[in-house]
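Please look through the sequence and the structure shown here, and keep both in view while reading. The paragraphs that follow lead from one residue to the wider fold and back to single elements.

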Amino acid sequence: MLLTLVTAVSLQISAAVTAAMPVAAADSSPSSSWQQVSPPDVLSAYDRDAETLLLQMANAERAHVGLPPFKLDVGLVRAARSHAAEMASKNKLAHQFSAEASLTERIAANSVLHLNREGENVAVAPNAEEAHAGLMSSPPHRDNLLSTAFNVAGFGVFRSGHWLYVTQDFGSSTPAYSVQQAQELVSSSVDQLRAQARMPRLQRVENRYAQNTACAMAQADSLNGAEPPSGSYMLRYTSMQPETLPTNISKVIAQRGLRTYSADTCYARTQKYPSGAYWVVLVFY
């Protein structure tokens, strides 16, 4: 009798927002800390053929339902391998062991991609075919493999005796923008909201103070910041996608008395956002 055990997890990375008119935001930075767990030096135990086969079978399943294939990311492979080895050493399936980094932290420590969603399947089986069959027969794991939200993946397989410990890490990769590109995307979204409100277009101005504030927030890993200039409205928030504005700012943007604004961003990986986020400061005058 063959045995296949599987378990899955999927995480949506969330952003935060706060408005200052001119009240400062509450501190929402976390107090916990983490440390990366390095994989053991046993590369010979990794089964690269099984990793390749599992990816091929996964992409064949996706093609069968009209989905694009996963793009392989070496950083996700490293994260998956380290966790597969950890499961083998414990002889147990889990998504996180005591003293081990979380899924988000493991991926952030190994991959340079900008991700706004992550997921993971883990399994143990005698071979890659049995592992794949077990994953596809379980709805949560099938959902990860056939998710329209995930576009990148990395699989790690650790062989321990007659068993393969499998970790499949998934991500939703978003474009990596320069500071100028991110600011242009924010500005374009402001212009669109202004047009939807049938209000005159605002003139965008440079604001070194706001740019410094955005980077200071990122460095502090907190939306707290200095008071906005007199007579202005300031919005501070984080976002995985700079073109997406918080839903609660439309009333501010639609105000009749506004004439100019500044849009400044700073991208950073922090304790609160291990995979990275854009820290954005909008100031309206």
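A useful place to begin is Y177, which is partly exposed, because its relative accessible area is 25% and this class covers values between the limit of under 20% for buried residues and that of over 50% for exposed ones. The model in which this residue is seen is a predicted one. Y177 sits in the loop between β6 and α6 (179-196), and its aromatic partner Y278 sits in strand β10, 101 residues apart from it, so that the pair links distant parts of the chain. The two rings of Y177 and Y278 are tilted, with 6.5 Å from centre to centre and 45 degrees between the planes. Y278, unlike a residue open to the surroundings, counts as buried, because its relative accessibility is 2%.

A second pair can be described in the same terms, since a pair of aromatic rings is described by the distance of the centres and the angle of the planes. The ring centres of Y273 and W279 are 5.7 Å apart and their planes stand at 85 degrees, which means that the pair is edge-to-face; both Y273 and W279 are buried. In total the structure holds 8 aromatic pairs, and one aromatic cluster is formed by F70, F150, F155 and F170.

Y278 also leads to the pairing of strands, for it is the bridge partner, in β10, of S239. Strand β8 (residues 233-239) and strand β10 (residues 277-284) run antiparallel and are joined by 7 bridges. Of the 7 residues of β8, 6 are buried, and therefore this strand is largely enclosed by the rest of the structure. M234 is found in β8 and is buried, with a relative accessible area of 2%. Between the C-alpha atoms of M234 and V252, which are 18 residues apart along the chain, the separation is 9.5 Å.

With these elements in mind, the whole protein can be considered. Its secondary structure comes to 8 helices and 10 strands, and of its 285 residues 51% are buried. Among contacts between residues at least 6 apart in sequence, 76% join residues that are at least 24 apart.

Where do the buried nonpolar residues gather? In soluble globular proteins, nonpolar side chains tend to be buried together. The largest nonpolar core here has 22 residues, of which L54, F70, L145, F155, V157, V166 and F170 touch the most other members. At least two residues of this core come from each of α1 (48-64), β4 (114-125), α4 (128-136), β5 (152-160) and β6 (163-174), and α1 gives the most, with 5 residues. Apart from this core lies another, of 17 residues, among them V186, V190, L235 and Y237.

One member of the largest core, L145, shows how many parts of the chain can meet at a single residue. Not counting residues up to four places away in sequence, L145 touches A58, R62, F70, N121, L135, M136, F155, Q168 and F170. A little further along the chain, in the loop between α5 (139-145) and β5, is S147. S147 counts as buried because its relative accessibility is 13%, and, again leaving out residues up to four places away in sequence, it touches R62 and L67.

The last element on this path is helix α2, which can be checked by a small piece of reasoning. At 1.5 Å a residue, the 17 residues of α2 (residues 74-90) should span 24 Å, and the C-alpha atoms at its ends are 24 Å apart, which agrees. The N-terminal end of α2 is capped by D73, with a side-chain oxygen lying 3.2 Å from the backbone nitrogen of G75, while just after the helix N91 takes a positive phi of about 55 degrees.

Helix α2 is mostly covered, with 13 of its 17 residues buried. R81 has its place in this helix and is itself buried, because its relative accessible area is 18%, which is below the limit of 20%. Leaving aside neighbours within four places in sequence, R81 is in contact with Y46, R48, E51 and G156.

Conventions
Residues numbered from 1 in each chain as written. Predicted model: local features only at pLDDT ≥ 70, side-chain atom pairs only at ≥ 80, totals over all residues. Heavy atoms only, no water. Helix = DSSP H or I, 4+ residues; strand = E, 2+ residues; numbered from the N terminus. Expected span 1.5 Å × (residues − 1). Buried < 20%, exposed > 50% of the residue type's maximum accessible area, 1.4 Å probe, protein only. Polar contact = N/O pair within 3.5 Å; in protein donor to acceptor, adjacent residues only side chain to side chain. Core = buried A, V, L, I, M, F, W, Y, C linked by side-chain atoms within 4.5 Å. Contact = heavy atoms within 4.5 Å. Pairing = 2+ DSSP bridges. Phe/Tyr/Trp six-rings, centres within 6.5 Å; stacked < 30°, edge-to-face > 60°.
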